[in-house]
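Visitor: I would be grateful for a close look at a single part of this structure. Please choose one contact between two side chains and explain its surroundings step by step.

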Amino acid sequence: MVRYINIRTGARVELVDITSRVKEVVKDSGIGDGVCYLYVPHTTAGITINEGADPSVKRDIIQTLQRLIPRDAGYAHMEGNADAHVKSSLVGASLQVLVEEGELLLGTWQSIFFCEFDGPRHRRVAVKIMGT
Ligand code: ZN
């Protein structure tokens, strides 16, 4: 069964920490050992794992992506959000995290971030836990 985490983003570009919400889905699944698949069904958003303890890491990721992929750079796509499509492909639309004894096997400093590149919007992340 697929569960969805609904997210309301508040800025055009934003990293939203969804770790606690993913942990809830894992807990509700009742699965002890397995894999947690996370999938973003959007073309201008992504998902990544990185440090959640220091908020400046999140800010550096956003600023670096903005510098590498500016909003206006002579793109062919005429919707005005070509930069968001490129960022989405670079960051990626899916993740897998191992689940052991009912817990996500994340490192001490790791958090799961939904990456908004063309907000604010209503978004969702599909979650599937497979027992092994
Ligand atoms: Zn577009």
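Guide: Let us begin with a salt bridge in which the side chains of aspartate 118 and arginine 121 meet, at 2.6 Å from N to O. The model is a predicted one. Aspartate 118 is buried, because its relative accessible area is 12% and the cut-off for that class is under 20%. Arginine 121 has a relative accessibility of 33% and therefore counts as partly exposed.

Aspartate 118 has a further partner. Its side chain also meets that of arginine 12 in a salt bridge, with 3.4 Å from N to O. Aspartate 118 lies in the loop between strand 7 and strand 8, while arginine 12 lies in the loop between strand 1 and strand 2, so this pair ties together parts that are 106 residues apart in sequence. Both aspartate 118 and arginine 12 are buried.

These contacts belong to a wider group. A network of salt bridges links Arg12, Asp83, Lys87, Asp118 and Arg121. A search of the whole structure finds 6 salt bridges. One of them joins aspartate 28 to arginine 3, with the closest N and O atoms 3.9 Å apart. Aspartate 28 belongs to helix 1 (residues 19-29) and arginine 3 to strand 1 (residues 3-8), so that pair ties together parts 25 residues apart in sequence. Aspartate 28 is exposed, with a relative accessible area of 53%, whereas arginine 3, at 30%, is partly exposed.

The loop that holds aspartate 118 deserves attention for its backbone too. Proline 120 is placed in the loop between strand 7 and strand 8 (122-131). The peptide bond that leads from glycine 119 to proline 120 is cis, with omega near -5°. Most peptide bonds are trans, and most residues other than glycine have a negative phi. Glutamate 101 offers another backbone feature, since its phi is positive, near 50°, although the residue is not glycine. Glutamate 101 is found in the loop between strand 5 (94-100) and strand 6 (103-104), and it is exposed, with a relative accessible area of 71%.

Let us now follow the network to helix 3. Asp83 and Lys87, which are among the buried residues of helix 3 (residues 82-91), stand there beside Ala82, Ala84 and Ser88 in the list of buried residues. The buried residues of this helix pack against strand 4 (45-51) and helix 2 (55-68). After helix 3 comes glycine 92, with a positive phi near 100°.

A zinc ion is the next subject. Its protein donors are His77 (NE2), Glu79 (OE), Asn81 (OD1) and His85 (NE2), at 1.9 to 2.2 Å from the ion. Along the chain, these donors follow the spacing H-x1-E-x1-N-x3-H. The 4 donor atoms subtend angles of 89 to 155° around the zinc ion, which makes the arrangement irregular. Two of the donor residues may be set side by side: glutamate 79 is exposed, with a relative accessible area of 59%, whereas asparagine 81 is buried, at 6%.

Finally, we turn to the strands. Strands of a sheet pair through backbone hydrogen bonds, in either a parallel or an antiparallel manner. Here 3 strands form an open sheet in the order 2-7-4, with antiparallel pairing. Strand 2 (14-17) and strand 4 stand at the edges and have a single partner strand each, so one side of each is left without a neighbour in the sheet. From one strand to the next, the twist averages 35°. Strand 4 and strand 7 (residues 110-116) run antiparallel and are joined by 7 bridges. Within this sheet, isoleucine 49 stands opposite isoleucine 112 of strand 7. Helix 2 lies across strand 2, strand 4 and strand 7, and runs at about 145° to strand 2.

Strand 8, which follows the loop of proline 120, has a pairing of its own. It runs antiparallel to strand 3, and 6 bridges join the two. In strand 8, methionine 130 is the bridge partner of valine 35. Strand 3 (residues 34-39) also pairs with strand 5 in the antiparallel sense, over 6 bridges. Tyrosine 39 there stands opposite serine 94 in strand 5.

Notes
Residues are numbered from 1 along each chain as its sequence is written. This is a predicted model: local features need pLDDT of at least 70, side-chain atom pairs count only at pLDDT 80 or more; totals for chains, interfaces and linings use all residues. Side-chain values use heavy atoms; hydrogens and water are left out. Buried means under 20% relative accessible area, exposed over 50%, partly exposed in between (1.4 Å probe, protein chains only). Helices (H or I, at least four residues) and strands (E, at least two) are DSSP runs, numbered from the N terminus. Contact means heavy atoms within 4.5 Å. Donors are N, O and S atoms within 2.8 Å of the metal (3.2 Å for Na, K and Ca); water is not among the atoms, so sites may look incomplete. Four donors count as tetrahedral if all angles lie between 85 and 135 degrees; four count as square planar and six as octahedral if opposite donors are over 155 degrees apart and all others between 65 and 115; anything else is irregular. Two strands pair if DSSP finds at least two bridges between them. Axes are lines fitted to C-alpha atoms, for helices over the stretch in contact, and angles run from 0 to 180 degrees between N-to-C directions. A salt bridge is a side-chain nitrogen of Lys or Arg within 4 Å of a carboxyl oxygen of Asp or Glu.
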